[in-house]
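Student: Could you take me through the salt bridges here in some detail? I would like to see which side chains pair up and how buried they are.

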Amino acid sequence: MKQRTKGIIVAAFFAVILVTSTVTLALNSGPMQNPEAKLTITGTPEDHFPDLRREQFCQSSEAKSNAYVIEYKIPTKCTMPLAVTVDEAGNVWFAQTTTGMVAKFDPLSKKFTEYENPEWTEMTRTMVWGMDYSNGNVWFTDDAHNAIWRFSTQDGTYHPIGFPPSTESLPQHLKIRNNHVVVNDFYGGKISFLDLNQNRTYLNVPSPIAGSFTGGFDFDSKGSVWYTNWMLRQGGALVKFDYAQFSGLSTIPDNSTSLQYSDVFNLPPDLGTPVGLAIDKSDNVWIADTSSSSFFKFDPVLQKFTKYMTSDAIPETYGNRTGVIKTPVTGPYWIQTDGDKIVFNEQIGNAIAVFDTITESLVEYHVPSKNPNWADCGGNKDCGIAQVFGFKAAGDKVWFTEWVENNIGVVDLTKPLPVELSVSQTTLKIPRGQSAQVEVNLSTTSSADISSKTSSVFGDVTVDLMPQSVVAGATKIIPVLITADESALPDTYKILISARTTDVTVSQYITVIVTQ
């Protein structure tokens, strides 16, 4: 695999769950691999792709907006923006896949500034998955050069730092913490700590599972780093590494013995692709499952996982013209905590989701741009996904990038929602073989479609709520019957009641505890 295309193929590795043939064909039909493809030289990053692939990777439409989301078109064509962060002044910084440049967007002036990278190799493409801001510097990962970079926002200079090599590495997400740059090596199976005070030396914490991927990571209140090790559809582990104890040793052991400071917890069998990970202020660990429509909470005290679901994918995101997609998913990808809220991107669902950990409510903001070349759309142009990979929650805004539409966008969390949805009881105890009824109270200013979902995989818990539509201005009370099957396993399940409008989906979770 060529180094310059490795990162883009990794992006497809997850998108492939949706449209295998389309992605594989697209990413293996570049101008160097298909000499018969017409390539019109433009002097822009569009030259990375033959003419017939430019709509797929560069953009399919102009920037769009809806009631909650505003998009902005990046001045340079086909930059394929990815990682994004926000500084203390509110400026938005993001990385460009095809140029190696960092760019700034000023939300007040609505102006972009793109900073040339003189050290970038011409026509190199890279996946900049990770970015963080600290003390006037923007740090970001670079898969193509196996490096991390420091960009000075004061003088616009770039400084690359080599990443510790392994058989094959992919520096992915990145966080700045206590004078350390912390990076997960997706392919290399390790977490790397770059000490900025000691000659930029690395400490590498290896994977407890040989040959596994190392996914997202975060720190708890005691300084331990949590991360995932997993193999596609073969299970994996959630790892807690006591970095505070480890770093306090008078003599630092070598990397191979550092695992003695780790605790390992088996992941649930239905958590297939644990990519994003974040820790809330109560030290609960939240994990996004990219190959499904689910995300999970791990309670470190009870050592228990709880499964949550998103609402169903919107048909316009996957199209299904051929009928081959039997179970469309939303694909929660990366995840971030922000106060009492959990924010994650639904990469395949084309949405930004905000989950309130106190009320256990979920709001999914639909991204208006859709690229039909990434779904089973046929000739429908209002179909597809914009490949929202990068996002950053900052106060009452969530900034994000659209990898194949050349846009950045922002969700305004202050705008009133078109639906008020509540339930009469949010927690139920139901003995096996019995039922309980709750009432859903609904008030809308827009027409909405009502539906339900359950986290039960084998029908242990069922919901009697027929999908229905409610007109704008309606106030309605909807009875919902929840039943625990006679053979249901005693456990805790989640029920999701959703109201979907054109621009947003508002949902409420109900906790169902099945007893003997």
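Tutor: Happy to; here is a walk through the salt bridges, pair by pair. This is a predicted model, where local features need pLDDT of at least 70 and side-chain atom pairs count only at pLDDT 80 or more, while totals for chains, interfaces and linings use all residues. Residues are numbered from 1 along each chain as its sequence is written, and side-chain values use heavy atoms, with hydrogens and water left out.

Side chains of opposite charge can pair when their charged atoms come close. A salt bridge here is a side-chain nitrogen of Lys or Arg within 4 Å of a carboxyl oxygen of Asp or Glu, and by this rule the count comes to 11.

One of them joins D270 to K307, with 3.3 Å between the closest N and O atoms. D270 sits in the loop between β17 (262–266) and β18 (274–279) and K307 in strand β21 (residues 304–309), so this pair ties together parts 37 residues apart in sequence. Strands are DSSP runs of E, at least two residues, numbered from the N terminus. For burial, buried means under 20% relative accessible area, exposed over 50%, and partly exposed in between (1.4 Å probe, protein chains only). D270 is partly exposed at 32%, whereas K307 is buried at 18%.

R54 and D47 also meet in a salt bridge, at 3.3 Å from N to O. R54 is buried, at 9%, and D47 is buried at 9%.

K397 pairs with D396, their closest N and O atoms being 3.3 Å apart. K397 is partly exposed at 26%, and D396 is partly exposed at 36%. Finally, salt bridges with shared partners link D47, D51 and R54 into one network.

Conventions:
Helix = DSSP H or I, 4+ residues; strand = E, 2+ residues; numbered from the N terminus.
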